[in-house]
Amino acid sequence: MKIQQQHELFAAILDLPLGKLGVRTASGLITELCYLPPHFDAKAPQDAAAEVAAVQLGKYCEDADFVFDLPLKRAGTEFQHKVWDAICSIPRGSVRTYGELARHIGSAPRAVGQACGANWFPVVIPCHRVTSSSGLGGFANSDDPNGYLLGIKRWLLAHEGSSEYAWQQTTLL
């Protein structure tokens, strides 16, 4: 797909301190937030839902304690919602491992990781707060240590007050 066609998939492409974020909308709802490679050009919000997303994501980038109230379209399976709800309960500045989260909800670490990778609303559902037991772990289905996606994860964790070297947590949810 050509870059121009990809650009048209989004109601907005936000150039945020964390990187580029595409906003997809339909019928007044946000249907997806997508981390995009740095070569994407910014695109002003094309509708009211994209405008609300742009404002709220900008506020979050200014204040990590900002609480989102976005019109999100329901997506995902019941299991994914169970994982995402548990992720949303992780306090800002804290992280949990895939294994800790799995034990908390009665599942397996790999299944938790797959649900994280299937997150339609990153930042809003803070999957960046979930790490591997041995380090940063993957992010958005990528484990390239030099890629832009793990750069976004590092930015988000630093923004929220997490130390890059304090991944191992002993306190469960």
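Biologist: What volume does the second largest pocket have in this predicted model?
Modeller: The second largest pocket comes out at about 200 Å³.

Biologist: How do you know which residues line the second largest pocket?
Modeller: A lining residue has an atom within 4 Å of a pocket point. There are 13 residues in the lining, and F66, F68, V123, V124 and R129 lie nearest the centre. By class, eleven are nonpolar, two are charged and none is polar.

Biologist: Okay, on to the strands. What makes β1 an edge strand?
Modeller: Start with the sheet: three strands, in the order β1-β2-β3, form an open, antiparallel sheet. β1 (12-16) pairs on one side only, and β3 (29-36) does too, so these are the edge strands. From one strand to the next, the twist averages 25°.

Biologist: How do you know that β1 and β2 pair?
Modeller: Pairing takes at least two bridges. β1 and β2 (residues 19-26) have five bridges, in the antiparallel sense, so they count as paired. In that pairing, A12 stands opposite V23 in β2.

Biologist: Which helix lies across β1, β2 and β3?
Modeller: Helix α2, residues 48-62, and it runs at about 10° to β1.

Biologist: Last one: why is T97 called buried?
Modeller: Buried means under 20% relative accessible area. T97 has 8%, so T97 is buried. T97 is found in strand β4 (residues 96-97). Leaving aside neighbours within four places in sequence, T97 is in contact with V130, T131, S132 and S133.

Definitions and conventions:
Residues are numbered from 1 along each chain as its sequence is written. This is a predicted model: local features need pLDDT of at least 70, side-chain atom pairs count only at pLDDT 80 or more; totals for chains, interfaces and linings use all residues. Side-chain values use heavy atoms; hydrogens and water are left out. On a 1 Å grid over the protein atoms alone, a cavity is a set of points where a 1.4 Å probe fits but cannot get out, and a pocket is an open set with protein on both sides within 12 Å along at least five of seven lines; lining residues have an atom within 4 Å of a point. Grid points are joined across faces, edges and corners, and a volume is the space filled by probe spheres set on the points. Ala, Val, Leu, Ile, Met, Phe, Trp, Tyr, Cys and Pro count as nonpolar, Asp, Glu, Lys and Arg as charged, and the others, Gly among them, as polar. Helices (H or I, at least four residues) and strands (E, at least two) are DSSP runs, numbered from the N terminus. Axes are lines fitted to C-alpha atoms, for helices over the stretch in contact, and angles run from 0 to 180 degrees between N-to-C directions. Contact means heavy atoms within 4.5 Å. Buried means under 20% relative accessible area, exposed over 50%, partly exposed in between (1.4 Å probe, protein chains only).
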